[in-house]
Amino acid sequence: MYSISRFHHTTPAACCCSKTRSGERYTDPFKLGWRDLKGLYEDIRKELFISTTELKEMSEYYFDGKGKAFRPIIVVLMARACNIHHNNSRDMQASQRAIALIAEMIHTASLVHDDIIDDASSRRGKHTVNKIWGEKKAVLAGDLILSAASMALARIGNTTVISILTQVIEDLVRGEFLQLGSKENENERFAHYLEKTFKKTASLIANSCKAVCPPLLDPPPPYVSVLGCPDPVVHDIAYQYGKNVGIAFQLIDDVLDFTSCSDQMGKPTSADLKLGLATGPVLFACQQFPEMNAMIMRRFSLPGDVDRARQYVLQVRLFLKEERQEQSDGVQQTTYLAQRYSHEAVREISKLRPSPEREALIQLSEIVLTRDK
């Protein structure tokens, strides 16, 4: 129907480096990434060309340009970092930028569907699609965004890339099913949680990073390996970076569900407990307070369970007779685990040749740990 260059472009290399007061050089990853993402949301809205006014309004609802576009920024930075590592190329391929847009579209479609499943009323500081238009129409809007992403993906013309990114969609579905279940065995419970975290959050980032390994030929001849890059080591570096950053991102998100306020998050806090979900802070707290097991198994369904679980995670428990007090370190332990994943992401990306984009990806892995929303 359209050439892929209809809404993507090749951009020259851009460096957005500054100096701190001490003279140390640093890179702002968001400014650097946005150089390749100008017109991001306009281009996505072009993909959602729909004649029905209401469906168009629903589908474009979250593409309002107010987000930081965390996932597309990682994708374009990874593309440039790998291009430089592979053959010192300073160009951004049109298909690489296309993957950044597709990643954002898949992510947004999953948010629309998640909000329906969770019966969520707010997202990014405003009402959800399902609360405004109803669940049935919201399902269709999410499906439409996903179908538009699939059409954009097909236009790339690389069957390996299509396979990589369709794995993301499968993982999103499997992750949602994992979230609907739980494990009685405490040892299995944490592995279940981390697998769900990977499939629902990290798979999109990991596979999108892998999908932009250079050079991406447009269209590629049939003999070209993953995006034309002959070195599978680079594929794995990109994938492992995305995987570790994605898991760290979700772990911090689970911490913020306990420590942040609704205004900061743009959605209600303690939402996971209300949905019956035991995330990292709860699972770590349960190791210290085994009486939480019963609440986890009944998915915090009894009156007062949500408040009690929150108190176990956050509050000091006072033992009057023994004159001692005990506090859960669920938040601290989850944050520490996120730091470990972040450090692993830095270790992986540091294997690439130095570049402003590589340094920006290192900084992004650290920003993930310090965000407050």
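In this predicted model, helix 9 and helix 13 cross in a left-handed sense. Helix 9 spans residues 186–211 and helix 13 spans residues 280–288; the angle between them is about 165 degrees and their axes are 11 Å apart. Angles over 145 degrees count as roughly antiparallel, and helix 9 and helix 13 are therefore roughly antiparallel to each other. On the helix 9 side the contact involves Arg189, Phe190 and Tyr193, and on the helix 13 side Gly280, Leu283, Phe284 and Cys286. By class, the residues of this contact are five nonpolar, one polar and one charged.

**Overall make-up**

The protein has 17 helices and six strands. It consists of 373 residues, of which 52% count as buried. Among contacts with a separation of 6 or more, 71% join residues 24 or more positions apart.

**Further helix pairs**

Helix 13 also packs against helix 16, which covers residues 330–349. The axes of helix 13 and helix 16 come within 7 Å and cross at roughly 120 degrees. An angle that is neither under 35, nor over 145, nor in the range 65 to 115 degrees counts as oblique, so helix 13 and helix 16 are oblique to each other. Their crossing is right-handed. Helix 13 contributes Gly280, Pro281, Phe284 and Ala285 to the contact, and helix 16 contributes Gly330, Val331, Gln333, Thr334 and Leu337. Five of these residues are nonpolar, four are polar and none is charged. Gly280 and Phe284 of helix 13 take part in the contact with helix 9 and in the contact with helix 16.

A further pair is formed by helix 5 (residues 94–118) and helix 8 (residues 159–180), with an angle of about 20 degrees and axes 12 Å apart. Angles under 35 degrees count as roughly parallel, and helix 5 and helix 8 are therefore roughly parallel to each other. Helix 5 passes helix 8 in a right-handed crossing. From helix 5, the residues in contact are Ile99, Ile102, Ile106, Ser110, Asp114, Ile117 and Asp118; from helix 8, they are Val161, Leu165, Val168, Leu172, Glu176 and Gln179. This contact has eight nonpolar, two polar and three charged residues.

The table lists the angle and axis distance for each pair described above.

| Helix pair | Angle | Axis distance |
|---|---|---|
| Helix 9 and helix 13 | about 165 degrees | 11 Å |
| Helix 13 and helix 16 | roughly 120 degrees | within 7 Å |
| Helix 5 and helix 8 | about 20 degrees | 12 Å |

**Buried residues within helices**

Ser203 is found in helix 9. Its relative accessible area is 0%, so Ser203 is buried. Leaving aside residues up to four places away in sequence, Ser203 touches Val168, Asp171, Phe198 and Ser208. One of these, Val168, is also among the helix 8 residues that meet helix 5.

Leu364 lies in helix 17, which runs over residues 356–370. Leu364 is likewise buried, with a relative accessible area of 0%. Again leaving aside residues up to four places away in sequence, Leu364 touches Pro29, Phe30, Phe70, Ile73, Ile74, Leu77 and Tyr241. The C-alpha atoms of Leu364 and Ser342 are 9.3 Å apart, with their positions 22 residues apart in sequence as a separation.

**Cysteines**

A disulfide is a covalent bond between the sulfur atoms of two cysteines. The model contains zero disulfides by the distance rule, under which the two sulfur atoms must be within 2.5 Å. For Cys82, the nearest cysteine sulfur is that of Cys213, 4.6 Å away, and Cys82 is in no disulfide. Cys213 is in no disulfide either, and its nearest cysteine sulfur is that of Cys82. Cys82 has 0% relative accessibility and counts as buried. Cys213 also counts as buried, at 0% relative accessibility.

**Positive phi in loops**

Arg124 is not a glycine, yet it has a positive phi of about 55 degrees. Arg124 sits in the loop between strand 3 (122–123) and strand 4 (126–127). With 39% relative accessibility, Arg124 counts as partly exposed.

Phe300, also not a glycine, has a positive phi of about 55 degrees. Phe300 belongs to the loop between helix 14 (292–297) and helix 15 (305–314). Phe300 has a relative accessible area of 5% and is buried, whereas Arg124 is partly exposed.

Conventions
Residues are numbered from 1 along each chain as its sequence is written. This is a predicted model: local features need pLDDT of at least 70, side-chain atom pairs count only at pLDDT 80 or more; totals for chains, interfaces and linings use all residues. Side-chain values use heavy atoms; hydrogens and water are left out. Helices (H or I, at least four residues) and strands (E, at least two) are DSSP runs, numbered from the N terminus. Buried means under 20% relative accessible area, exposed over 50%, partly exposed in between (1.4 Å probe, protein chains only). Axes are lines fitted to C-alpha atoms, for helices over the stretch in contact, and angles run from 0 to 180 degrees between N-to-C directions. A crossing is left-handed if the near helix is turned anticlockwise from the far one by less than a right angle, and right-handed if clockwise. Contact means heavy atoms within 4.5 Å. Ala, Val, Leu, Ile, Met, Phe, Trp, Tyr, Cys and Pro count as nonpolar, Asp, Glu, Lys and Arg as charged, and the others, Gly among them, as polar.
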